[in-house]
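Please open the structure in your viewer and keep the selection panel at hand. The stops below are arranged so that each selection leads to the next.

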Amino acid sequence: MALLSSPRPLPTHFSASSLLVRRRPITACQVCTPKQPLHHSTLLNVSEASAEDELWAAACLRVRSFSNLKPTTFGLQDHKRFLAEREFEAIKERVSGKRKGFGRVSCINATVPLSHLLSLSVSADDLCASCKFTTNGQDRVVVGTLDLNQCVSLPDEIAGSRPKEIGADFARAYLSNVCVAKELHRTGLGHALVAKSKLVAHDWGISDLYVHVAVDNEPAKQLYTKSGFVYESDEPAWQARFLDRPRRLLLWFGIPSVQQ
C-alpha cells in the first residue's frame, strides 16, 4: 500500500494555491523495483528539503499516493495538478513556520538519480515525469516523502500523551504524509525515511515521536513496529465514523538520548 501513515484527506489538508513555479520539460522513463534494498545504495539520498522544485516533486508524489482518483475521472490530469498545487503551497506554509499550531515542520524526502531509474526496465513513466527535480545540475526523482511536525497534536487526530510533564509543545512530534512510490515498495525506503526523521527529531530536542496509522494497514504497522514504535492508544470508533475513514492507531517511539 502506498499509504504508510494517516494524513487528512487531500481536499481538506491542503491550503489554497497561488504560486506556480516554472519547471523544465521532462521526459518519460523506465523504472522497476530493484533486487537490492535501495536504502543500502549510495545513490539514495534522504534529507530535509527546502528547494521549491523538490517540494513540488514531493507534493506530486503525495497526490500520486494518497488520491483515489479513477483513471476514467474527467479532467484527471488537471485535477491531479490542482491537488499537487494545493499540497505544494501547504508544504511551503508548514516548512516556513506559518501554519498556526505547529512549531517546526520538515519535509524529508528520499531521492535517487533519474539516470538510475532510466537504467531499469519496468515502465513507470508517471513517477519520473511528475516527481523529478534538478539539484546541482543533476536530475533526481523523489521516491519517498514524509513530514516531521513539532506540535502538541495534528488536526483531526488523537493526541499523544507524552511527555507527561510540561514541554509537550516543543518535545513532542508527529510523522505525517508518509509515502513511498508504489514501484519501489519493499526496498527499504520507508525504513530510511523513518530513520532520518528520528535523527532530525533528536536534533530538535524531541523526546517523544508519534505516528498515526490505519488499523487495517498491515504493511505500515509492520514498518513502524520494526522501527521501534509501540502502541499507545487508538481512535474512538465514533470519531472514525464521523470522519468517514478507517480507525487510526497511535504509535509512539521514545528518542533514547533525549529521554535519558
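Select helices H7 and H8 and view the place where they cross: the crossing is right-handed. In this predicted model, H7 comprises residues 189-204 and H8 comprises residues 218-226. Two packed helices are described by the angle between their axes and by the distance between those axes. Here the angle is about 50°, and the axes lie 10 Å apart. H7 is therefore oblique to H8.

Next, display the side chains at this contact. On the H7 side, select Gly 190, His 191 and Val 194; on the H8 side, select Leu 223, Tyr 224 and Lys 226, which they meet. Coloured by character, the residues of this contact divide into three nonpolar, two polar and one charged.

Now move to strand E2, residues 105-113. Are its residues buried or exposed? Nine of the nine are buried, and the strand is mostly covered. In a regular strand, side chains alternate between the two faces of the sheet. To inspect E2 face by face, select Val 105, Cys 107, Asn 109, Thr 111 and Pro 113 for one side. Then select Ser 106, Ile 108, Ala 110 and Val 112 for the other side; both faces are covered.

Keep E2 displayed and add its pairing partners. Strand E1, residues 45-49, pairs with E2 in the antiparallel sense over five bridges. To locate this pairing, select Ala 49, which stands opposite Cys 107 of E2. Then add strand E4, residues 138-150, which runs antiparallel to E2 and is joined to it by nine bridges. Here, select Val 105 and find Asn 149 of E4 opposite.

The next selection is Glu 52, which belongs to helix H2, residues 52-66. Glu 52 has a relative accessible area of 32%. This residue therefore counts as partly exposed. Add Lys 92 and draw a distance between the two C-alpha atoms: they are separated by 8.1 Å, although the residues are 40 positions apart along the chain.

Finally, clear the selections and display the whole chain. How many helices and strands does the chain have? There are ten helices and eight strands. Of the 260 residues in the chain, 53% are buried. Among contacts with a separation of 6 or more, 79% are made by residues 24 or more positions apart.

How values were computed:
Residues are numbered from 1 along each chain as its sequence is written. This is a predicted model: local features need pLDDT of at least 70, side-chain atom pairs count only at pLDDT 80 or more; totals for chains, interfaces and linings use all residues. Side-chain values use heavy atoms; hydrogens and water are left out. Axes are lines fitted to C-alpha atoms, for helices over the stretch in contact, and angles run from 0 to 180 degrees between N-to-C directions. Helices (H or I, at least four residues) and strands (E, at least two) are DSSP runs, numbered from the N terminus. Angles under 35 degrees count as roughly parallel, over 145 as roughly antiparallel, 65 to 115 as roughly perpendicular and the rest as oblique. A crossing is left-handed if the near helix is turned anticlockwise from the far one by less than a right angle, and right-handed if clockwise. Contact means heavy atoms within 4.5 Å. Ala, Val, Leu, Ile, Met, Phe, Trp, Tyr, Cys and Pro count as nonpolar, Asp, Glu, Lys and Arg as charged, and the others, Gly among them, as polar. Buried means under 20% relative accessible area, exposed over 50%, partly exposed in between (1.4 Å probe, protein chains only). Two strands pair if DSSP finds at least two bridges between them.
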